[in-house]
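The following note collects points on side-chain packing for a colleague's consideration. It is arranged by topic and may be read beside the coordinates.

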Amino acid sequence: MRKLKIIAVIILIIAGASSFGFFSVYNKFVKLDEGIKSSWTQMENYLHLISKLVPRYSGIINSYSIKDEKGIIKAVEDARIRLIWAKTGEEKIAAANDLLNALANLQGTIEIYPEIKKNQSLVKLSEEFTIVENNLNNEKKDYNEMVKKYNQKKRLVPYNIIAFISGFKDFPYFTSLDAGKRDPKKGQEERLTK
C-alpha cells in the first residue's frame, strides 16, 4: 500500500512537472508571438505613412510635366495601391519592397532635374520620407530579430512539439530588395506575364 502511494506521488510529480514545462514553453511562444505582432503593427504604421507621402510626391513631380518620368510615377502609385490592398504578410512585404524601390528610383530621377530638386515642398517631403524610412528600417530589424528567435525556438525539441500542438505558425522575414539593383519596369512586366 505504501509503495502504491509512493508511485502515485511520483506520477503526480512527473505529470505536474511536464504540464508546468508545457505551459512554460507555451507562454514563451505567446510572448514571442505578441512581440512579433506588435512590431508588425509598427511597421504597418510606417508603411501607411510612406503610402500617404506618395500622392504628395506625385503631385509635385506631375506639376513639372516631365513626360519621361510618368512610368516611374505610375510604378510608385501602382506599388502603393498593391500595398494598401495586400492581405497577407507576404503580400504586404512584397508590395512594400516594390513601393520602396519605386520611390528610390523616383528620388534618383529627381536628382537629374535641378528645378525639381530646388522645390522646397519636395525638399521637406524628402526629409520627412527619410525619417519615416529610417524608422521603418529600425523596426524591420527588430521584427526580423524577433522572427528569428521565434522560428528558431519553434524548430527545437520539445518546442516544436508544443508549437505543433498549439498551432503556432511561422512568420515571414521582412527582407528588402536592393533599390539600386532592380528595374521596376522589368519587375512589373514579369508580374503581368505570369
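1. A polar contact is a pair of N or O atoms within 3.5 Å, where within protein one atom must be able to donate a hydrogen and the other to accept it. The model discussed here is predicted. In it, the side chain of N97 meets that criterion with the backbone oxygen of T175, at 2.7 Å. N97 belongs to helix α3, residues 89-110. Its relative accessible area is 6%, below the 20% limit, so N97 is classed as buried.

2. A further polar feature lies at the start of α5, where a side-chain oxygen of N119 comes to within 2.8 Å of the backbone nitrogen of S121. As to the helix itself, α5 has 36 residues, and 1.5 Å a residue gives an expected span of 52 Å. The C-alpha atoms at its ends are 52 Å apart, in agreement with that expectation.

3. The aromatic residues deserve separate mention. There are 8 aromatic pairs in the structure. One of them joins Y26 and F168, with ring centres 5.5 Å apart and 55 degrees between the planes, a tilted arrangement. This pair connects distant parts of the chain, since Y26 lies in helix α1 (residues 2-62) and F168 in the loop between α6 (159-166) and α7 (184-193), 142 residues apart. The two partners also differ in burial class: Y26 is partly exposed at 32% relative accessible area, whereas F168 is buried at 12%.

4. A second pair is formed by Y150 and F171. Their ring centres are 5.2 Å apart and the planes stand at 70 degrees; the pair is therefore edge-to-face, the angle being over the 60 degrees required. Here too distant parts of the chain are linked, with Y150 in helix α5 (residues 120-155) and F171 in the loop between α6 and α7, 21 residues apart. Y150 has a relative accessible area of 0% and is buried; F171, at 18%, also counts as buried.

5. Which residues make up the aromatic cluster that includes Y26 and F171? Y26, F29, Y150, Y159, F168 and F171 together form one cluster. Of these, Y159 has an additional partner: the charged end of K153 sits over its ring, 4.6 Å from the centre.

6. The nonpolar interior should be considered next. The largest nonpolar core comprises 45 residues, and those with the most contacts inside it are I50, Y57, L99, L103, L106, Y143 and F174. At least two residues come from each of α1, α2, α3, α5 and α6. The greatest contribution is that of α1, with 14 residues. For L103, the contacts beyond four places in sequence are with I50, V54, Y57, V76 and F129.

7. Finally, I72 illustrates packing around helix α2, residues 70-85, in which it is placed. Is I72 buried or exposed? Its relative accessibility is 15%, under the 20% limit, and I72 is therefore buried. Leaving aside residues up to four places away in sequence, I72 touches A102, N105, L106 and T109. The C-alpha atoms of I72 and L106 are 6.2 Å apart in space, although the two residues are 34 residues apart in sequence.

How values were computed
Residues are numbered from 1 along each chain as its sequence is written. This is a predicted model: local features need pLDDT of at least 70, side-chain atom pairs count only at pLDDT 80 or more; totals for chains, interfaces and linings use all residues. Side-chain values use heavy atoms; hydrogens and water are left out. Rings of Phe, Tyr and Trp (its six-membered ring) pair if their centres lie within 6.5 Å; planes under 30 degrees apart count as stacked, over 60 as edge-to-face and the rest as tilted. Helices (H or I, at least four residues) and strands (E, at least two) are DSSP runs, numbered from the N terminus. Buried means under 20% relative accessible area, exposed over 50%, partly exposed in between (1.4 Å probe, protein chains only). A charge sits over a ring if NZ of Lys or CZ of Arg is within 6 Å of the ring centre and within 35 degrees of the ring normal. The expected span of a helix is 1.5 Å times one less than its number of residues. Contact means heavy atoms within 4.5 Å. A nonpolar core is a set of buried Ala, Val, Leu, Ile, Met, Phe, Trp, Tyr and Cys residues joined through side-chain atoms within 4.5 Å.
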